[in-house]
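Reader: I am new to this structure. Could you teach me how to read it, one feature at a time?
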Amino acid sequence: NVTFAPEQLHPTGTRNQSQPIMQHATALLLLLLHSAAGSLTTLKDDAQFEAEVVQDPVVWGVLFTSKTRDDDAKSKAMLQAAHGLAAGLGHLMRWGRADIQDCKAFASEFNVRTRMVPRVLLFSSRARMADVIRLEGEPTEEALEAAVRAALGDQVSDEAKWMKTTLAIGGKEDL
């Protein structure tokens, strides 16, 4: 015998099952909104870096950090700014975090050293090159976004995902 509390009964006397369905629908909607907004991807090794950042046609911002400097105030502020931008610009570009010890080959290739972290590199080209994002003053989400938008210039709009540029060799007649 199953009995229901009065608040669980529909006015017709049957059990109201729409409440659990609505809770699941709300949870699913929040999950979808979070994934659409984007999040900061932790790049665990060079293979993941290659597959997700270098091979992706979408623009990436990667915050290089070091476990030895995680407690540094600047590192904490930069990490908070990167998390904020990943959520705020995640529908336009992707964001990742790479520890220089975990992604040694890429840290070396792009000349990122322990004394230089935290450092944000912008991968906006299909070529194996990146722009160093330099911030004046405190590392805030607003300052980081302004620097990224300045580096990309008119290459992007807020209408669609920001795609990496492809460098062409030769003139128009070669295309």
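Reader: Let me start with one residue. In which strand does W60 lie?

Author: First, keep in mind that this is a predicted model. W60 lies in strand β2.

Reader: Is W60 buried or exposed?

Author: Look at the relative accessible area and compare it with the cut-off: under 20% is buried. W60 has 1%, so it is buried.

Reader: Which residues are in contact with W60?

Author: Skip the neighbours within four places in sequence. Then W60 is in contact with T41, E52, V53, M93, R94, W95, G96, L121, L122 and F123. One polar detail is worth finding: the side chain of W60 reaches the backbone oxygen of E52 at 3.0 Å. Now look further along the chain. W60 and W162 are 102 residues apart, yet their C-alpha atoms are separated by 8.9 Å.

Reader: How do I read the rest of β2?

Author: Check two things: burial, and which way each residue points. In β2, 6 of the 6 residues are buried, so the strand is largely enclosed by the rest of the structure. W60, V62 and F64 point one way, while G61, L63 and T65 point the other way.

Reader: Which strand does β2 join through 6 bridges?

Author: That is β3, and the two strands run parallel. To find the place by eye, use W60: it stands opposite R94 in β3.

Reader: In what order do the strands form the sheet?

Author: Read across the sheet, not along the chain. The order is β1-β3-β2-β4-β5, in an open sheet of 5 strands with mixed pairing. At the edges are β1 and β5, each pairing on one side only. Neighbouring strands are turned by 30° against each other on average, direction ignored.

Reader: Where is the antiparallel part?

Author: Go to β4 and β5. They run antiparallel and are joined by 3 bridges. L122 is a good marker there, since you have met it already as a contact of W60. L122 stands opposite D131 in β5.

Reader: Which helix packs on the sheet and touches β1, β2, β3 and β4?

Author: That is α3, and its direction makes about 120° with that of β1. Take S75 as a residue to look at in α3. Its relative accessibility is 8%, so S75 counts as buried. Beyond residues up to four places away in sequence, S75 touches R69, D70 and P118.

Reader: How do I tell which face of a helix is turned inward?

Author: Look down the axis and mark the buried residues. Try α2, residues 46-54, where Q48, F49, V53 and V54 are buried. Seen down the axis they fall within an arc of 165°, so they line one face of the helix. The face turned away from that buried side carries the exposed residues A47 and A51.

Reader: What covers the buried residues of α2?

Author: The cover includes strands β1, β2, β3 and β4, along with helix α4. Look at the start of α2 as well. There, a side-chain oxygen of D45 reaches to within 3.2 Å of the backbone nitrogen of A47.

Reader: What is the general idea behind a nonpolar core?

Author: In soluble globular proteins, nonpolar side chains tend to be buried together. Here, the largest nonpolar core has 22 residues, and M93, W95, L144, V148 and W162 touch the most other members. Two or more residues come from each of α3, β4 and α5. The largest share, 6 residues, comes from α3.

Reader: Which residues does M93 contact, leaving aside neighbours within four places in sequence?

Author: They are V58, V59, W60, G61, L122, V148 and W162. There is also a second, separate core of 17 residues, which includes L43, V53, F110 and V112.

Reader: Now step back. How many helices and strands are in the chain?

Author: There are 5 helices and 5 strands. Along the sequence they follow the pattern α-β-α-β-α-β-α-β-β-α. Of the 175 residues, 33% count as buried. For contacts, set a lower limit on separation in sequence. Among those between residues at least 6 apart, 70% join residues at least 24 apart.

Key. Residues numbered from 1 in each chain as written. Predicted model: local features only at pLDDT ≥ 70, side-chain atom pairs only at ≥ 80, totals over all residues. Heavy atoms only, no water. Buried < 20%, exposed > 50% of the residue type's maximum accessible area, 1.4 Å probe, protein only. Helix = DSSP H or I, 4+ residues; strand = E, 2+ residues; numbered from the N terminus. Arc of directions from axis to C-beta. Contact = heavy atoms within 4.5 Å. Polar contact = N/O pair within 3.5 Å; in protein donor to acceptor, adjacent residues only side chain to side chain. Core = buried A, V, L, I, M, F, W, Y, C linked by side-chain atoms within 4.5 Å. Pairing = 2+ DSSP bridges. Axes fitted to C-alpha atoms, helices over the stretch in contact; angles between N-to-C directions.
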